[in-house]
Amino acid sequence: MSEADVQLVPMGLAHLAGVLELGREVFDVSAMPYTSWSLSSVAVHLDAQPDACWVAEAAGRVVGFVLGSLSYDERADWGYVEWLAVAPDHQGKGLARTLLEESCAALFAAGATRIITDVEQSNTASAQLMQRSGFTGSVTVTLFVRHAPTEGARQSRSRARATDPAKARLHAAARKTERG
């Protein structure tokens, strides 16, 4: 199958199953413990900014997607490209960049003054894609992980944090960079 057989279309509800399946295939959420892949991960983007969510289809199969939204942390004027995936049999052919450009164009058209994304340190292919697409390195965050204590010493539910501390640190660092 040639790349000419791949069509980019705005993501819709009919694509949910294919997007979820492809995400499960390509995302290693263990690489970034503050990340999860689920229906709600997809739905929040599709609900908030549907024009920044695109899929690539080939023969009725989702072979790529991008999910963006028009708010990052508390900045309504910052876009965020959080999820980008291409099926292994379609990688290396420019599809990721095309998807990224569609999402960025929609975010800028909706009023974004800048677009934020993050890439796991060992994902050099994605880092190179972002650099080739006009993104520049800005903030480096070191994620510290502490494993749960043994059975008898678990933290009580009332003391557990409702928000994700790693994401909170990342957002705070981004705000600091803008002010600085």
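These are my notebook entries on a predicted model of a single chain.

**Entry 1: the overall layout**

I started with the secondary structure, and the chain comes to five helices and five strands. Reading from the N terminus, I wrote the order down as β-α-α-β-β-β-α-β-α-α. Next I looked up burial: 34% of the 180 residues count as buried. For the accessible surface I noted about 10900 Å², with 51% of that belonging to carbon and sulfur atoms. I also checked how far apart in sequence the contacts reach. Among contacts with a separation of 6 or more, 66% are between residues 24 or more positions apart.

**Entry 2: the strands around β3**

How much of strand β3 is buried? I went through residues 61–69 and found eight of the nine buried, so I have β3 down as mostly covered. Then I looked at its partners. Strand β2, residues 54–58, runs antiparallel to β3 and is joined to it by five bridges. As one example of that pairing, V55 has F65 in β3 as its bridge partner. The link between β2 and β3 is a hairpin with two residues between the strands. In that turn, I noted a positive phi of about 55 degrees at A59.

β3 also pairs with strand β4, residues 78–86, again antiparallel, and here I found six bridges. In this pairing, G68 has V81 in β4 as its bridge partner.

**Entry 3: the two sides of α1**

Which residues of helix α1 are buried? Within residues 16–26, my list reads L16, V19, L20, L22 and G23. They lie on the same side of α1, because they cover an arc of only 165 degrees around the axis. That spacing made me recall the usual helix rule: with 3.6 residues a turn, residues three or four places apart point the same way. On the other side of α1, I found A17, E21 and R24 exposed.

What covers the buried residues of α1? I found that the cover includes helix α2 (39–48) along with β2, β3 and β4.

**Entry 4: the nonpolar core**

The largest nonpolar core has 38 residues, and I looked for the members that touch the most others. These are M11, V19, W37, V42, F65 and L67. I was glad to meet two familiar names: V19 is on the buried list for α1, and F65 is the β3 partner of V55.

Which elements supply this core with at least two residues each? My list has β1 (6–10), α1, α2, β2, β3, β4, α3 (95–109) and α4 (124–132). The most comes from α3, which gives six residues.

I then picked V42 for a closer look. Leaving out residues up to four places away in sequence, V42 touches M11, L16, V19, L20, W37 and L67. Three of these names, L16, V19 and L20, are among the buried residues of α1.

**Entry 5: the salt bridge**

How many salt bridges does the structure hold? I found one. It joins the side chains of R61 and D89, at 3.0 Å from N to O. R61 lies in strand β3 and D89 in the loop between β4 and α3, so the pair ties together parts that are 28 residues apart in sequence.

Last, I checked the accessibility of both partners, where partly exposed is the range between 20% and 50%. R61 has 37% relative accessibility, so R61 counts as partly exposed. D89 comes out at 43%, so D89 is partly exposed too.

Technical notes: Residues are numbered from 1 along each chain as its sequence is written. This is a predicted model: local features need pLDDT of at least 70, side-chain atom pairs count only at pLDDT 80 or more; totals for chains, interfaces and linings use all residues. Side-chain values use heavy atoms; hydrogens and water are left out. Buried means under 20% relative accessible area, exposed over 50%, partly exposed in between (1.4 Å probe, protein chains only). Helices (H or I, at least four residues) and strands (E, at least two) are DSSP runs, numbered from the N terminus. Two strands pair if DSSP finds at least two bridges between them. The arc is that of the directions from the helix axis to the C-beta atoms. Contact means heavy atoms within 4.5 Å. A nonpolar core is a set of buried Ala, Val, Leu, Ile, Met, Phe, Trp, Tyr and Cys residues joined through side-chain atoms within 4.5 Å. Accessible areas come from the Shrake-Rupley method with a 1.4 Å probe; for residues, only the protein chains shown count as cover. A salt bridge is a side-chain nitrogen of Lys or Arg within 4 Å of a carboxyl oxygen of Asp or Glu.
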